[in-house]
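I'm opening a fresh notebook page for this one. The plan is to look things up one at a time and jot down what turns up.

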Amino acid sequence: MRLTVCRLADLPAHQGYLVEVAGEAIALFRVGDEVHAVENGCPHRGGPLAFGDLRGGTVFCPLHAWGFDVRTGRCDEFPEASLRTFAVHVEGDEVQIEL
Ligand code: FES
């Protein structure tokens, strides 16, 4: 099932964008022409990743700066602390998440 969660223009360049879908907080990130979605809560201590700095394809948690590749969910420093990822589709200017 695909749900429209925001418009492409809503996504800032160097941060994420927080949406809530079916009770789940999801952080969206725009990397070049692509949009990626990961769970918002950092696996370390729950920092809100949507509000971390985005550099290239990596978001840095605003609490303790762990870095996560938003394309894969992988944590560079602690590979066992990966994020759940969600498939994203862009239809025109609509951003849709697949659940
Ligand atoms: S809560 Fe994210 S690095 Fe600590």
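**Entry 1: what the record says**

First, a reminder to myself that this is a predicted model. I checked UniProt, where an unreviewed entry lists residues 3-97 as "domain: Rieske". I then looked at what that stretch is built from: it is 0% helix and 45% strand. I also checked its two ends, and their C-alpha atoms are 5 Å apart.

**Entry 2: the sheet with both ends of the domain**

Which strands make up the sheet that includes E1? I found an open sheet of 3 strands, in the order E1-E10-E9, with antiparallel pairing. E1 and E9 are the edge strands, since each of them pairs on one side only. Ignoring direction, neighbouring strands here are turned by 30° against each other on average.

Next I went through the pairings. E1 covers residues 2-7 and E10 covers residues 94-98, and 5 bridges hold the two together in the antiparallel sense. Across that pairing, Thr4 stands opposite Gln96, and Cys6 has Val95 as its bridge partner.

On the other side, E9 (residues 88-91) is joined to E10 by 4 bridges, again antiparallel. There I found His89 opposite Gln96. So Gln96 turned up twice in my notes, once facing Thr4 and once facing His89.

I also looked at the turn between E9 and E10. It is a hairpin with 2 residues between the strands, and Gly92 takes a positive phi near 65°.

**Entry 3: another hairpin**

Which residue takes a positive phi in the hairpin of E3 and E4? It is Gly32, with a phi near 65°, and this hairpin has 2 residues between the strands. E3 runs over residues 24-31 and E4 over residues 34-39, and they pair in the antiparallel sense over 6 bridges. One match I noted is Ile26, whose bridge partner in E4 is Glu39.

E4 also pairs with E8, antiparallel, over 2 bridges. In that pairing, Ala37 has Phe86 of E8 as its partner.

**Entry 4: the E5-E6-E7 sheet**

I moved on to an open sheet of 3 strands with the order E5-E6-E7 and antiparallel pairing. E5 (53-55) and E7 are at the edges; each has a single partner strand, so one side of each has no neighbour in the sheet. The twist from one strand to the next averages 25°.

Between E5 and E6 I found 3 bridges, in the antiparallel sense. Asp53 stands opposite Phe60 in E6. Phe60 has another visitor: the charged end of Arg55 sits over its ring, 4.5 Å from the centre.

I picked Thr58 in E6 for a closer look. Is Thr58 buried or exposed? Its relative accessibility is 14%, and the cut-off for buried is under 20%, so Thr58 counts as buried. Leaving out residues up to four places away in sequence, it touches Asp53, Gly67, Phe68, Asp69 and Asp76.

**Entry 5: aromatic rings**

How many aromatic pairs does the structure hold? I got 1. The rings of Trp66 and Phe78 have their centres 4.4 Å apart and their planes at 35°. Planes under 30 degrees apart would be stacked and over 60 edge-to-face, so this pair is tilted.

I looked up where the two partners sit. Trp66 is in the loop between E6 (58-60) and E7 (67-69), while Phe78 is in the loop between E7 and E8 (85-86). The two are 12 residues apart, and the pair links distant parts of the chain.

Their surroundings are not alike on paper: Trp66 is buried, with a relative accessible area of 17%, whereas Phe78 counts as partly exposed at 34%.

**Entry 6: Val21**

Last stop was Val21, in E2 (residues 17-21). It is buried, with a relative accessible area of 5%. What does Val21 touch, not counting residues up to four places away in sequence? I listed Leu3, Val5, Ile26, Ile97 and Leu99. Ile26 was already in my notes, as the bridge partner of Glu39.

I also took one distance. Val21 and Cys61 are 40 residues apart in sequence, and 21 Å apart in space from C-alpha to C-alpha.

Methods. Residues numbered from 1 in each chain as written. Predicted model: local features only at pLDDT ≥ 70, side-chain atom pairs only at ≥ 80, totals over all residues. Heavy atoms only, no water. UniProt positions renumbered as here; feature names shortened; annotations may be inferred. Pairing = 2+ DSSP bridges. Phe/Tyr/Trp six-rings, centres within 6.5 Å; stacked < 30°, edge-to-face > 60°. Buried < 20%, exposed > 50% of the residue type's maximum accessible area, 1.4 Å probe, protein only. Lys NZ or Arg CZ within 6 Å of the ring centre and 35° of its normal. Axes fitted to C-alpha atoms, helices over the stretch in contact; angles between N-to-C directions. Contact = heavy atoms within 4.5 Å.
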